[in-house]
Amino acid sequence: MTMFSRMPVRRRLMLLLMLPVLAIAGFIYGYFPWSANQVATHGLREKAVSLTRLIRDNTAVGLDFGDVDSVKKAFRAAREDSDIVFLQVVSTNGKTFASYHRVEGQTLPDRAIPSHEMDTDEPGLLGVATPIVSGGRTVGALFTGFSSERVDTAMKHERQITLFISLVILLIMMGLGALMGSALSRPIEGVITMLSGGAEQLSTVSRRMADTGQKMAESAGTQAANLEEVASSLEELAAITRQNADHAKQASIRSRDGRIAVGSCVSEMRRMT
């Protein structure tokens, strides 16, 4: 027997009622935060690409003419965004032309100019790189980094809320399951008790029928033995009857022979007289 089959009826009913609830709670806890994270990450990526393109257009002329102040002015307008971690403009030789990092004193490495716009995902950071074109020629590249901490924080908050909701639903359903299990277990236990009683009665009747059948078989065996004895006695009687018939036949023959002899004697005596 399995552990489930050994459980009380009420506990089994509660378990059966709780399994779908647990599945739904797990789905809610896993799917909705993931979906919200996907939406938030997509929104951050769209924002990073759009802002990077705007900064690229504002720094193209300054980079082409070597005007560092013009490029930094474009940086000042963009770095008001709290998600920006760094901004870096490099010239055609890959050297940093102008840069900004929200951590004071943080330096950025030289980078190779990409051939096309691209974005990269790193832990806690979304990066975008795009070439800067001025007058139909590539004059450098812009690299931007955007923090995904806000998205991660929102994800954690979403998970906490979802976990709280899932636990509330689970507790409510456990209460309802206990009530429903109690309400359903009574008639089920009554039916089980009735079936158990019927099974016991059926078992008793079966045992009685088996005993009766055994007794009938024993009686039939005794009657068969008696019949064999009667048959043997009848055979003995038949043999005695056949023997008596033979004796009677012999006596009849002897009586006839005696009558013939007596008749002969009588005739002989008559003739002599």
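## Strand β4, its two partners and a positive patch

In β4, Leu126 is the bridge partner of Asp121. That pair is a handy way into this predicted model, where β4 spans residues 125-134 and runs antiparallel to β3. The points below follow β4 to its partners on either side of the chain, then turn to a charged patch on the surface.

**Strand β4 and its cover**
- Strand β4 is mostly covered, with nine of its ten residues buried.

**Pairing with β3**
- Strand β3 takes in residues 118-122, and five bridges join β3 to β4.
- The two strands β3 and β4 make a hairpin, with two residues between them.
- If you look at the turn of this hairpin, you will find Gly124 with a positive phi of about 75 degrees.

**Pairing with β5**
- Ten bridges join β4 to strand β5, which covers residues 137-147, and these strands also run antiparallel.
- One pair to pick out here is Pro131 with Ala141, its bridge partner in β5.
- The strands β4 and β5 form a hairpin too, again with two residues between the strands.
- In this second hairpin, Gly135 takes a positive phi near 65 degrees.

**The positive patch**
- Away from the strands in our tour, Lys72, Lys73, Arg76 and Arg79 form a positive patch on the surface.
- Arg76, one of these four residues, lies in helix α3, which runs over residues 68-78.
- Arg76 has a relative accessible area of 42%, so Arg76 counts as partly exposed.

Methods:
Residues are numbered from 1 along each chain as its sequence is written. This is a predicted model: local features need pLDDT of at least 70, side-chain atom pairs count only at pLDDT 80 or more; totals for chains, interfaces and linings use all residues. Side-chain values use heavy atoms; hydrogens and water are left out. Patches are made of residues with over 30% relative accessible area and no salt bridge: like charges are joined within 9 Å, nonpolar side chains (Val, Leu, Ile, Met, Phe, Trp, Tyr) within 5 Å. Accessible areas come from the Shrake-Rupley method with a 1.4 Å probe; for residues, only the protein chains shown count as cover. A salt bridge is a side-chain nitrogen of Lys or Arg within 4 Å of a carboxyl oxygen of Asp or Glu. Lys and Arg count as positive and Asp and Glu as negative; His and the chain ends are not counted. The place of a charge is taken as NZ of Lys, CZ of Arg, CG of Asp or CD of Glu. Helices (H or I, at least four residues) and strands (E, at least two) are DSSP runs, numbered from the N terminus. Buried means under 20% relative accessible area, exposed over 50%, partly exposed in between (1.4 Å probe, protein chains only). Two strands pair if DSSP finds at least two bridges between them.
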